[in-house]
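Student: I would like a close look at one part of this model. Please take the hairpin and whatever sits around it, and walk me through it in one go.

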Amino acid sequence: MVCEKCKEEMNWSIEGATQGWRCPVCGWNIITTYIDEIGAYVNSIWQIVKRKIIYR
Ligand SMILES: [Zn+2]
């Protein structure tokens, strides 16, 4: 899996029920969960968190 932003190799990480790809360079990540509804919710939260991290 390669980062969409900077084309670096991404790391696979698992935190509880959340698992996904994370870029070690720019922090871009793709999060998936076992339950789609929760996955969509977590993903929307991640979009907000990610923006705060990037633009802080
Ligand atoms: Zn990246």
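**The hairpin and its surroundings**

Tutor: The chain has three strands and one helix. Along the sequence the order is β-β-β-α. Keep in mind that this is a predicted model. Mean pLDDT for the chain is 81, and 80% of the residues reach 70 or more. Confidence is highest in strand β1, residues 11-15, at a mean of 86. It is lowest in strand β3, residues 29-33, at a mean of 75. A caution applies in general: where pLDDT is low, the predicted coordinates should not be read in detail.

Now the hairpin itself. β1 pairs with strand β2, residues 18-22, in the antiparallel sense. Five bridges join β1 and β2. Two of the pairs can be named. Isoleucine 14 stands opposite glutamine 19 of β2. Glutamate 15 has threonine 18, also in β2, as its bridge partner. Between the two strands of the hairpin lie two residues. Glycine 16 in this hairpin takes a positive phi near 65°.

How many of the five residues of β1 are buried? The number is zero, so β1 lies largely in the open. The chain as a whole has 56 residues, and buried residues make up 4% of them.

Move to β2 and pick out tryptophan 21, which is found in that strand. Tryptophan 21 has 18 other C-beta atoms within 10 Å. A residue needs 20 or more to be buried and 12 or fewer to be exposed, so tryptophan 21 is partly exposed. Leaving aside residues up to four places away in sequence, tryptophan 21 touches Met1, Met10, Trp12, Asn29 and Ile30. Of these, Trp12 belongs to β1, which spans residues 11-15. Asn29 and Ile30 belong to β3, which spans residues 29-33. Treat those two contacts with the mean pLDDT of β3, 75, in mind. Tryptophan 21 is also 19 residues along the chain from valine 2, with their C-alpha atoms separated by 9.0 Å.

Next, the segment before β1. Cysteine 6 is found there. Cysteine 6 is exposed, because 11 other C-beta atoms lie within 10 Å. Its contacts, not counting residues up to four places away in sequence, are Cys23, Val25 and Cys26. From cysteine 6 to valine 25 the C-alpha separation is 7.9 Å, across 19 residues of chain.

Lysine 7 has its place in this segment before β1 too. Lysine 7 is not a glycine, yet it has a positive phi of about 65°. With 9 C-beta neighbours inside 10 Å, lysine 7 counts as exposed.

Glutamate 9 also lies in the segment before β1. Is glutamate 9 buried or exposed? Glutamate 9 is exposed, because 11 other C-beta atoms lie within 10 Å. Glutamate 9 and arginine 22 are 13 residues apart in sequence, with C-alpha atoms 9.0 Å apart in space. Arginine 22 falls within β2, residues 18-22.

Last, the contacts of the chain as a whole. Take those with a separation of 6 or more. Residues 24 or more positions apart account for 8% of them.

To recap the hairpin: β1 and β2 run antiparallel over five bridges, none of the five residues of β1 is buried, and tryptophan 21 in β2 has contacts that include Trp12 and Ile30.

Key
Residues are numbered from 1 along each chain as its sequence is written. This is a predicted model: local features need pLDDT of at least 70, side-chain atom pairs count only at pLDDT 80 or more; totals for chains, interfaces and linings use all residues. pLDDT is the predictor's confidence in each residue, from 0 to 100. Helices (H or I, at least four residues) and strands (E, at least two) are DSSP runs, numbered from the N terminus. Two strands pair if DSSP finds at least two bridges between them. Two residues are in contact if their C-beta atoms, placed from the backbone, lie within 7 Å.
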